[in-house]
Amino acid sequence: MLKFKNITKNFDGPEGKVTALNEVSFSVSPGEFLAVRGPSGCGKTTLLLTAGALLRPGAGQVSLDGQDPYVLNPEMRSRMRASMIGFVFQQFHLIPYLTVRQNIMAPSLALPSKEAAQRARELVSSFGLDDRADHIPAQLSTGQRQRTALARALLNKPKIILADEPTGNLDEDNADIVFDYLDKYVSDGGCVLLVTHDVRAAAHATKTVQMSQGRIIE
Amino acid sequence: MKIWHMLVREMLHRWRSFAIGNFAVIVAIGSLTAALTSLKVHDIHTHKILTAKEEETEKKMAILKDEMRKATLKLKFNLLILPKKQNIRDLHMKGYPSEYMPEEYVTRVANSGIILVRHFLPTLQQRIKWPEKKRTITLVGTRGETPNLQKSPREPLVQPVPLETIVLGYGLHQSLGLEVGDNVTLLGREFTIHKCYEERGSEDDFTAWIHLSQAQELLDKKGLINAILALECLCQGAEGLLGEIRKKIEQILPNTQVIEQGTKALARAEARGTVALEAKAAVERERQHRAEMRSEREFFAAVLVPLIMVACAVWIGLLAFNNVCARKTEIGIQRAMGFRARQIMFLFLSKYLIIGLLGGLFGIFVGLGFGRWLGLTLEENTKVITVAGDLLNPGLFLLVMVTAPVLTVISGWLPTVVAIRQDPAEALREK
């Protein structure tokens, strides 16, 4: 599903060039839950954004469902993101002025479908957000916010979920709930690439790799 | 959910920013509308002032014209037909003509078909010594008017003096202690006093009138006269007719000349003509003064309004930049969800379009009210109330409703471009 082949990404920093990804290669297939662990600043988020067709690598090749997103024009790349990828972030990144229901529905604006409203209702129910459906994010607990973000990531039935420290701001119970949902998604045939420094991720992942200074350490 | 739901929710969520944006548009459009409205108030007042002045002038001129007509009518003797040989200077020096022409001229001219003169009065005048009374008087022989046969008959303006009677001017009957009915002898012939005139303050006070035929006998001028007074020539009050009448009379009576009589009336008419010209000039001066005032205000508005509009455009632009910065992560996540650039652009530019339309709509009414107040204050004429409804016209409405959204969309364009070009990865990497 997702393949990284010798991906390198450098940034210009105040003290010269910084290598965020250094010839990184790995792959994630449907039904796989890959956890990438490592300390802060090791390049985990850069890896995730590169995988999400949001950050063009300096070298190497990314393949999403057999297609390199970076050879597509921006319009096609947006379409690919809308149809294939679901993002979950540590800060949730919910749209502050939309209700829970509207936040979950938001991806349907990028990829309209007749079933979106029905699908959103199902997700609201399955994530236990019925009584919060018409609340805005500021009125939710952190656990409810992350569940909303996860439900939003699942609206367009993506082939892969890219999760950046999704449990970083959650207590243990809420973190377990999130992991349970991700497990279920994987067992339904999806694949997950999760970057985290949370040691509990290993218990849910089908595969865990360690990252350090931009390199994957198996 | 539709994208405009998102748009409306965002505007409601950031209502303060939305309200400030609208306020900026209201200020910009309000100043534009106020400037145009105050100019319109000025134009309306100018029109009212000039119309009132013109009406007042017309009324005054109508009164003057009527007075002139009446004055001309009262004078009655407007033209004097004299023998061609008569020296006019000599006439004025002596006070009566010294040359003679046939009495038959009166009949000729009366039957000639000239339509611009109603009556002709033949006279024979001479300054004589009244030996019986030891006075120097002007003796006038007159037989009454010969009507113009081409005109409808009218009451004669001057009654003839009956034979064997005499009419005396004020100075004569007063100084001689004479009354109507007394008998007097003039040049050896006895006359009964037919009428004694009231004081006229002119040569008439020392004039005696007798019948023409008897005057001709007494002065030994049988069949002769020395002047024909043409009456009611200028009754229509048109000075331009004088030349025409003179020309026609001189054609009918080639051995005569025609001079004006009653120059006071003509002088008065000329004076009133001058007054009329001055009144028109005053209106024109007022018009020029108003045009200069308008020009000054136009200049002021032409400088101030663009400045305000540019300031407001910058203000809206800064608000838009602020909005883009505040929504950096939101834009990032929208891009991550697959939102296309044109959708992001729609979300931003639609907002500025709505701000422009809404602010423009409020700005019109604020500007109309302020412009009306400003216009009335500048005019210093609160009596002339201009209804705000008169000031709103479809052209202004259209101008504002196009200008306001264009202003806001232009102001928001650059921040929108920044928004769609910003790197979503950069926004999402910030924790």
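## Exercises on helix packing, burial and chain contact

The buried residues of α6(A) pack against six elements of chain A, namely β5 (85-89), α3 (100-105), α4 (107-110), α5 (116-126), β6 (160-164) and α7 (172-187). The model is predicted, and the exercises below are to be worked on its coordinates.

### Exercise 1. Helix α6 of chain A

Task: Determine whether the span of helix α6 (residues 142-154) of chain A agrees with 1.5 Å a residue, and establish how many of its residues are buried.

Solution.
1. The helix has 13 residues, and the expected span is 1.5 Å times one less than that number, which gives 18 Å.
2. The end C-alpha atoms of the helix lie 18 Å apart, so the expected and the computed span agree.
3. For burial, the criterion is 20 or more other C-beta atoms within 10 Å. The residues of α6(A) that count as buried are A:Gln144, A:Arg145, A:Gln146, A:Arg147, A:Thr148, A:Ala149, A:Leu150, A:Ala151, A:Arg152, A:Ala153 and A:Leu154.
4. Because 11 of the 13 residues are buried, α6(A) is largely enclosed by the rest of the structure.

### Exercise 2. The pair α6(A) and α7(A)

Task: Classify the packing of α6(A) and α7(A) by angle, and describe the residues that meet.

Solution.
1. The two helices pack at an angle of about 15°, and their axes are 9 Å apart.
2. Angles under 35 degrees count as roughly parallel; α6(A) and α7(A) are therefore roughly parallel to each other.
3. Their crossing is right-handed.
4. On the α6(A) side the contact is formed by A:Thr142, A:Gly143, A:Gln146, A:Arg147, A:Leu150 and A:Leu154, which meet A:Asn174, A:Ile177, A:Val178, A:Tyr181 and A:Tyr185 of α7(A).
5. By class, this contact has six nonpolar, four polar and one charged residues.
6. A general point helps in reading such a list: an α-helix has 3.6 residues a turn, so residues three or four places apart point the same way.

### Exercise 3. The pair α10(B) and α12(B)

Task: Classify the packing of α10(B) and α12(B) in the same manner.

Solution.
1. α10(B) and helix α12 (residues 394-421) of chain B pack at an angle of about 150°, with 7 Å between their axes.
2. Since angles over 145 degrees count as roughly antiparallel, α10(B) and α12(B) are roughly antiparallel to each other.
3. The crossing of α10(B) with α12(B) is right-handed.
4. The contact comprises 19 nonpolar and eight polar residues, with no charged residues.

### Exercise 4. Chain B and the environment of B:Trp209

Task: Summarise chain B, then decide whether B:Trp209 is buried or exposed.

Solution.
1. Chain B contains 13 helices and 12 strands. Of its 431 residues, 32% are buried.
2. Among contacts in chain B between residues at least 6 apart in sequence, 83% join residues at least 24 apart.
3. B:Trp209 lies in strand β9 (residues 207-211) of chain B. Because 25 C-beta neighbours fall inside 10 Å, B:Trp209 counts as buried.
4. Leaving aside residues up to four places away in sequence, B:Trp209 touches B:Val140, B:Thr142, B:Val161, B:Ile166 and B:Val167.
5. B:Trp209 and B:Thr138 are 71 residues apart in sequence, yet their C-alpha atoms are 8.5 Å apart in space.

### Exercise 5. The contact between chains A and B

Task: State how many residues each chain gives to the contact, and which element of chain B gives the most.

Solution.
1. Chain B supplies 22 residues and chain A supplies 28 residues.
2. On the chain B side, the elements giving two or more residues are α1 (3-13), α9 (328-336), α10 (341-379) and α13 (424-429).
3. α1(B) gives the most, with six residues.
4. The chain B side divides into 11 nonpolar, five polar and six charged residues.

Conventions. Residues numbered from 1 in each chain as written. Chains lettered and ligands numbered in written order. Predicted model: local features only at pLDDT ≥ 70, side-chain atom pairs only at ≥ 80, totals over all residues. Helix = DSSP H or I, 4+ residues; strand = E, 2+ residues; numbered from the N terminus. Buried ≥ 20, exposed ≤ 12 C-beta atoms within 10 Å, placed from the backbone. Contact = placed C-beta atoms within 7 Å. Axes fitted to C-alpha atoms, helices over the stretch in contact; angles between N-to-C directions. Parallel < 35°, antiparallel > 145°, perpendicular 65-115°, else oblique. Left-handed = near helix turned anticlockwise from the far one by under 90°. Nonpolar A, V, L, I, M, F, W, Y, C, P; charged D, E, K, R; others polar.
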